Each structure stands twice: as structure tokens, then as C-alpha cells.
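Trainee: I'd like to go through some of the labels people put on this model. Can you take me through the reasoning behind them?

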Amino acid sequence: AEQTLAEANLLLPSVIAIGSEESGVSNYFEGLADVFVSIPMWGLATSLWNQALIYERLGNDAAVARLCAQRAQVCRELGDEAVLARTLDKQAAALAALGDAGAALRVGLELERLLRALGDVEGLERCLDREAGILFTQGRYGTAEPLYREQEQLCRRLGNTRELLVSLGNQ
């Protein structure tokens, strides 16, 4: 299984280069399905992430969201909160791109709680920006405003003037 996984990872740049030939990507991963049964959970998490990155390049947000949801479950089982946070971030972005505001906000709220617990100020700033943006586009200005204000404070704390200007403009 390890040799097959190593060979698969060597092929990833070629698969990415396929571009819009999604069927080639799909057939490639279907052939590896039985391999994933025998590799450790970390290998599965890595494989799911690599697949999500490929589908992100192909512009398939639905596949990205699905793969990230699967990876998030693996990360919860492993207890790896930092990797879970990165996974939830990508999942929320994909869901937002799909226009599924409700699901993006649900994932975003889980991510927000996790980032606060981890003390990840940069991640929290990005998360709040996305949440506020979704709420704003829904016309929920009163709910978005406090998130933009908190984002502003985080940008000031981080010295992130570019995002600070965006946050102030959104208010």
C-alpha cells in the first residue's frame, strides 16, 4: 500500500496538469480506493487533501466541499485541531463559492470556535471576514457589522493594513 501511495503522489503533478479533464482525475482516484483501506488515517487525510487541491484547481467546488467534509471527520477522529481548522476553512470557502450560505456559515461557526480555542488570530480574521461577507450579501447587516468590527480590531493587532482597509470599507 505504501508503494502504491508513493507512486500515486508522484503522479499528482501530472493529474493537476490534466486541467479540465476531470474524468481522468476521477478514474485515477477510483483506482486507488482499495489502497486507502489499508493506509493509516493520516495517509487518508493527506490523500483527501490532495484530491481537494486538485479539484480546487479544476474549479469543482462541490468536490472540494465534499472531500473537505470527509477530511474534517478524519481530523476529528485524529484529534488534530490545527489541520481540522485548515480543512474547515477550505470547506467553508468552497461552500460559499457554491452559494450555499447556510452550510458555509455552519462550517464557519465551527471554524470560528476552533480558531478562538487555538488562538489563531490570522485565521480568525479571515474567518470573520468570510462570515460577515456572507451575512452582508444576505442583507443581514446588523449581524455582519459586529463581525466586521472584530475583524477590524484583529487587523489592527496584526498590523494588516490591507485587510484593515477592506474591513473599514465594509463597515
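Trainee: How do you know that the length of helix H7 agrees with what its residues should span?

Mentor: The expected span is 1.5 Å times one less than the number of residues, so the 17 residues of H7 (121–137) should cover 24 Å, and the end C-alpha atoms are indeed 24 Å apart. Helices here are DSSP runs of H or I, at least four residues, and strands are E runs of at least two, numbered from the N terminus. Mind that this is a predicted model: local features need pLDDT of at least 70 and side-chain atom pairs 80 or more, while totals for chains, interfaces and linings use all residues. Residues count from 1 along each chain as its sequence is written, and side-chain values use heavy atoms, without hydrogens and water.

Trainee: Why is Glu152 called buried?

Mentor: Buried means under 20% relative accessible area, exposed over 50%, partly exposed in between (1.4 Å probe, protein chains only). Glu152 has 9%, so it counts as buried. Its contacts (heavy atoms within 4.5 Å) beyond four places in sequence are Leu164, Ser167, Leu168 and Gln171.

Trainee: What makes Glu152 and Arg156 a salt bridge?

Mentor: The term asks for a side-chain nitrogen of Lys or Arg within 4 Å of a carboxyl oxygen of Asp or Glu. Their N to O distance is 3.0 Å, so the pair qualifies. They sit 4 residues apart in helix H8, which means about one helical turn between them.

Trainee: And why is Arg156 called partly exposed?

Mentor: Arg156 has 46% relative accessibility, so it counts as partly exposed.
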